[in-house]
Amino acid sequence: MTLQEVVARFNTTPFLFAGSGITRRYYGLPDWVGLLTYFAGKVKKDPFAYRFYESKASEVEHTAEKLPLVASCVEKDFNDAWFYNEEGIRSDSEKVHNAVSAGVSPFKAEISEYITSLSTVDPVYAEEVEKLRNIAKDNLSGVITTNYDCFFENIFEGYKIFVGQDELVFSQLHGIAEIYKIHGSVQNPESIVINKADYQKFHDKGKYLAAKLMTIFMEYPIIFVGYSISDSDIQAILSDVVECLPLDKIEMLQKRFVFVEYKLNFIGSEIASHSMVIQGKLLEMTKITLSDFSLLYDALSLKKAALPVKLLRRFKDELYTFALTQQPGPTMQVASLEDGRIDENMLALTIGLTSTGVYGLARAVNSEQWYRNIILHDSIYPCEQLLEFVYPELAKQNSWKLPVWYYISKSSIKSELAEEKAPRLYSEIVTESTIKRNCSAIGERTAWEVWTQEKGNLMKAIRLLGCMTEEKINVNQYRSILEAIFTENNNILSSLDSPNRSNLHRMIRIYDFLKYGQKKTP
């Protein structure tokens, strides 16, 4: 079997499960032992400093989880030396000092600074990193990593970052264009999982994390890269996952798990099977041995998502938000399913940026939004698109009485249909018979006087204000009245019955004509 054949079996674009081997390769960062050795050497300026702490940890507790205990021992002495301001311990980083002032362990703050200072791509691997950057756009679904550094954030544009166990457990994950930093991040030093207490807390909540990641493991191929196949972190996570699954589901996992083993100077790639026993259950996976990671990235480029993953994630996020709040977002517009214009057997979803493209606007904007935008200017769509794609259908549904002068005045292109149908005379909006029918109730009052005296009875005020003669209206005062009405309830049009909604529509048509239309009249 070839690499390409392994990828061809994937049902969808995969997740990377990435360990320290990735950033050792690209950034030259140390592994866990190397990191502890560096900081032990800062405390005890001795080539055997790490061995001292390793021996000290063994005396305290005999455990397979040796490194977290070593880290705890180093951290205690390092923090004491840092606070005593011993020579060569403190960096001059303002970020470190601010973090410590905020209660962060100096050990973790300095680790963050140290890793960040080394986070520069080795030019030898620049081409390989560029290939990884490119497949992040269409060929990967996300990353799970125990690394603290920001390598993936820096090269995976548009991915959403989740830092730490708690953020993962208590967040809504979409499984698209996401990075899960389960052991913390240098961007938040306190989140770093490194010492015995950190690992105890991590293991105590391991079942919650495993449950959260279960959907990812069951739905996506998982490529383990940058780890030793016996890595304790991987063993612990897989143990929690396997414990939650029946045997038949574990068999599903083996079809999705791929382990990448790095072997120095290995030519080409080799595909084999690998088995491990987790919780007394046999877990099989595909093992890929290679030295050149470009081979893996080239193979993954053959499995492409239908749309760029960051766009898919954004759409999924907005769909989820809409389901909870009923408020459409900037890249998704949703009309009410009760909208009489929508055939319940024909539901269409449209995706795009509001600044470009066409999205079926004839169905995305209703009369209420059209009228309200003239007062509140709250539409996310430019007037050019509203005139071209919304107006023909919406105006027809409203017997061509839709106010349109505002949109014409704000558009950079000419709409012959809109200008043809736009009212040229005030009497086309308020007929003489309408004025006569209400003249006794209005009397000699101006529009502003009617409003100040009648606004306690809003429906009466709206009815009279929609029946005024033109000379009784000061357009700026009239706008203030409409703004006050919508400020009180910006969805007022949808809450009114038909007669009162017609009266408010007429007020907006009057304002639209007086404010924007007369300048267009010959």
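I take contact to mean heavy atoms within 4.5 Å. With that in hand I looked up Gln279, which, leaving aside its neighbours within four places in sequence, is in contact with Ser239, Val242 and Glu243. The model I am reading is predicted.

**Entry: Gln279**

I placed Gln279 in the loop between β7 and β8. Its relative accessibility came out at 46%, so I noted Gln279 as partly exposed. I then checked Gln279 against one of its contacts, Val242. The two are 37 residues apart in sequence, and their C-alpha atoms are 7.1 Å apart in space.

**Entry: overall counts**

I counted 27 helices and eight strands in the protein. Of the 522 residues, 49% are buried. I also looked at how far apart in sequence the contacts reach. Taking contacts with a separation of 6 or more, I found that 70% of them come from residues 24 or more positions apart.

**Entry: the sheet**

I read off an open sheet of eight strands with mixed pairing, in the order β3-β4-β2-β1-β5-β6-β8-β7. Which strands are at the edges? They are β3 (160–163) and β7 (269–278), each of which pairs on one side only. I noted that neighbouring strands of this sheet are turned by 20 degrees against each other on average, with direction ignored.

Next I looked for what packs on the sheet. Helix α12 (residues 206–219) does, and it touches β1 (15–18), β2 (142–145), β4 (178–181), β5 (222–225) and β6 (257–262). I recorded about 130 degrees between the direction of α12 and that of β2.

**Entry: the two edges**

I took the β7 edge first. Strand β7 is joined to β8 (residues 281–290) by ten bridges, and the two run antiparallel. I picked Glu270 and found its bridge partner in β8 to be Thr289.

At the other edge, I found four bridges between β3 and β4, which run parallel. Here Ile161 stands opposite Ile179 in β4. I followed the chain from β3 through helix α10 (residues 164–169) to β4 and noted a right-handed β-α-β unit.

I also checked Lys160 and found its charged end over the ring of Phe162, 5.5 Å from the ring centre.

**Entry: Val163 and His183**

I stayed with β3 for Val163, which lies in that strand. Not counting residues up to four places away in sequence, Val163 touches Lys181, Gly184, Ser185 and Ser191. I computed the C-alpha separation of Val163 and His183 as 7.6 Å, with their positions 20 residues apart along the chain.

I then turned to His183, in the loop between β4 and α11 (196–204). Is His183 buried or exposed? The relative accessible area is 2%, and I wrote His183 down as buried. Its contacts, not counting residues up to four places away in sequence, are Thr145, Thr146, Tyr148, Ser191, Ile192, Val193, Tyr199, Phe202 and Asp233. I noted that Ser191 appears in the contact lists of both Val163 and His183.

**Entry: aromatic rings**

I found 31 aromatic pairs in the structure. I looked at Phe17 and Phe224, whose ring centres are 5.2 Å apart and whose planes are at 25 degrees. Planes under 30 degrees apart count as stacked, so I logged this pair as stacked. Phe17 lies in strand β1 and Phe224 in strand β5, so the pair ties together parts that are 207 residues apart in sequence. I checked the burial of each ring. Phe17 is buried, with a relative accessible area of 1%, and Phe224 also counts as buried, at 1% relative accessibility.

I then looked at Tyr406 and Tyr407. Their ring centres are 5.1 Å apart, and the planes are at 75 degrees. The cut-off for edge-to-face is over 60, so I logged the pair as edge-to-face. Both tyrosines, Tyr406 and Tyr407, are buried.

Which residues do ring pairs link into a cluster? I listed Tyr26, Tyr27, Tyr125, Phe151, Phe152, Phe156 and Tyr159.

Last, I looked up Lys421. Its charged end sits over the ring of Trp400, 4.8 Å from the ring centre.

Definitions and conventions
Residues numbered from 1 in each chain as written. Predicted model: local features only at pLDDT ≥ 70, side-chain atom pairs only at ≥ 80, totals over all residues. Heavy atoms only, no water. Pairing = 2+ DSSP bridges. Axes fitted to C-alpha atoms, helices over the stretch in contact; angles between N-to-C directions. Right-handed = clockwise from strand over helix to strand, strands pointing away. Phe/Tyr/Trp six-rings, centres within 6.5 Å; stacked < 30°, edge-to-face > 60°. Buried < 20%, exposed > 50% of the residue type's maximum accessible area, 1.4 Å probe, protein only. Lys NZ or Arg CZ within 6 Å of the ring centre and 35° of its normal.
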